[in-house]
Amino acid sequence: MMNALDSLVPQRYWAWASCVLLAVLCLALSPLTPVWFWPATLFALLSLVGLLDYTQDRQAIRRNYPVIAHFRFFFEFIRPEIRQYFIEADREELPFSRAQRSIVYQRAKGSADKRPFGTQLNVYESQYEWMNHSIAPSDIKSHDFRISIGGPDCPKPYSASVFNISAMSFGALSANAILALNEGAKRGNFCHDTGEGSISRYHRERGGDLTWEIGSGYFGCRNPQGGFDENKFSENAASDQVKMIEIKLSQGAKPGHGGVLPGAKVTPEIAEARGVPVGVDCVSPAKHSAFSTPLGLLQFVVKLRELSGGKPVGIKFAVGHPWEWFGIVKAMQETGITPDFIVVDVAKVAPVPRRWNSPITSVHQCAKR
Ligand SMILES: Cc1cc2nc3c(=O)[nH]c(=O)nc-3n(C[C@H](O)[C@H](O)[C@H](O)COP(=O)(O)O)c2cc1C
């Protein structure tokens, strides 16, 4: 029966064909009672939609499945809500779970954010970590756990919090976001990394401590050709708010590509922070022009330390090829020059070799040796 019907009208047209049949049927019944006129109009409209679907040539799914194809678009449209309200568990999803988001919303609104005792976490899961009780707890002098960054070559070491704000440029984040983060850094006494977009007026307004990040575009310390400018660097680095300098070598988000901020997005405020012309494409090249080898990198570290009057200078990278990191370590051994701190990007996402379970742990162990 189905096969016979299918040979008459292919199954994929059944929804459309049903609309046509129902429109005709309702129209035929409408002289009996005018109420049939409404479904007749509805089905006639759907039949027209089917005709438009069938005759257009932009979307194969509409052409092949007239009328019914729209269900797909509808479900796709409400997919995020369906997932969020019915499927997603409270502790699922990255980068933030529903449970984490709701606590942030509650605190932002000043409403009750307390949770009852107990946990919803699976404490028997492998790799679940916890702290054990001790019957002989030690007396901790400060609960701030600050760490002094800056070796003997650094006349201006920085006492850093263990919690700091990772690099996110003005431009990638809005003015209000930068203001809020820097205000947080000021209140919490921790450090706010500028990101490679350099120091904007919004980084300066609230006066929170800054780590000034310098990427391959040398924003805030570049000459008109896009190279490194010592004078501009010294000028910006002299600011009391700048506590540390970070040379960005590579980042998980744009491996090997560099980046382009299209001219249309280079507003006067962004141009002012970066030291580039307004409205012109702002390019971060894939590689640095101030150095090209691990030895060159370490010499650049020394140079920045001197030009900044002795502030700690660190490096940031994503571990794409472990041997490149080993090359830097070898250069450190050879020269005795070490950066004052190392930031490893993208602990979980970078496609590092399988035997490298955690790039951070590996970099840490290697640096210690
Ligand atoms: C909006 C945004 C902008 C970012 N901009 C920069 C940047 O300018 N420089 C940089 O080194 N990293 C940048 N990052 C990467 C972060 O600093 C961080 O290394 C990365 O998100 C990995 O940390 P996570 O695992 O805690 O997310 C940016 C990340 C985000 C989400």
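**Backbone conformation and sheet architecture of the predicted model**

Val67 is found in the loop that lies between helix H4 (60–64) and helix H5. In this predicted model, the residue takes a phi near 65 degrees, a positive value in a residue other than glycine. Because 24 C-beta neighbours fall inside 10 Å, Val67 counts as buried.

A second non-glycine residue with positive phi is Glu93, for which the angle is near 75 degrees. Glu93 lies in the loop between H5 and H6. It has 15 C-beta neighbours inside 10 Å and therefore counts as partly exposed, the cut-off for a buried residue being 20 or more. The loop between H5 (69–87) and H6 (98–109) also contains Pro95. The peptide bond joining Leu94 and Pro95 is cis, with omega about 0 degrees.

Attention now turns to the sheet. Five strands form an open sheet in the order S3-S4-S5-S8-S9, and their pairing is parallel. Strand S3 (192–193) and strand S9 (341–345) occupy the edges; each has a single partner strand, so one side of each is left without a neighbour in the sheet.

Strand S8 (residues 313–318) is joined to S9 by five bridges, and the two strands run parallel. Within this pairing, Gly314 stands opposite Phe341 of S9, while the bridge partner of Phe317 in S9 is Val344. On the S5 side, four bridges connect strand S5 (residues 242–248) to S8, again in parallel. Lys248 of S5 has Lys316 as its bridge partner in S8.

S8 is mostly covered, six of its six residues being buried. In a regular strand, side chains alternate between the two faces of the sheet. In S8, Val313, Ile315 and Phe317 point one way, whereas Gly314, Lys316 and Ala318 point the other way, and all are buried. Lys316 thus combines a buried position with its bridge to Lys248.

The connection from S8 to S9 involves helix H12: S8, H12 and S9 make a right-handed β-α-β unit. Helix H12 (residues 322–335) comprises 14 residues, which at 1.5 Å a residue should span 20 Å; the C-alpha atoms at its ends are 20 Å apart, in agreement with this expectation. Just after H12, Gly336 takes a positive phi of about 75 degrees.

Definitions and conventions:
Residues are numbered from 1 along each chain as its sequence is written. This is a predicted model: local features need pLDDT of at least 70, side-chain atom pairs count only at pLDDT 80 or more; totals for chains, interfaces and linings use all residues. Two strands pair if DSSP finds at least two bridges between them. The expected span of a helix is 1.5 Å times one less than its number of residues. A residue is buried if 20 or more other C-beta atoms lie within 10 Å of its own, exposed if 12 or fewer, and partly exposed in between; C-beta atoms are placed from the backbone. A crossover is right-handed if, with the strands pointing away from the viewer, the path from the first strand over the helix to the second runs clockwise.
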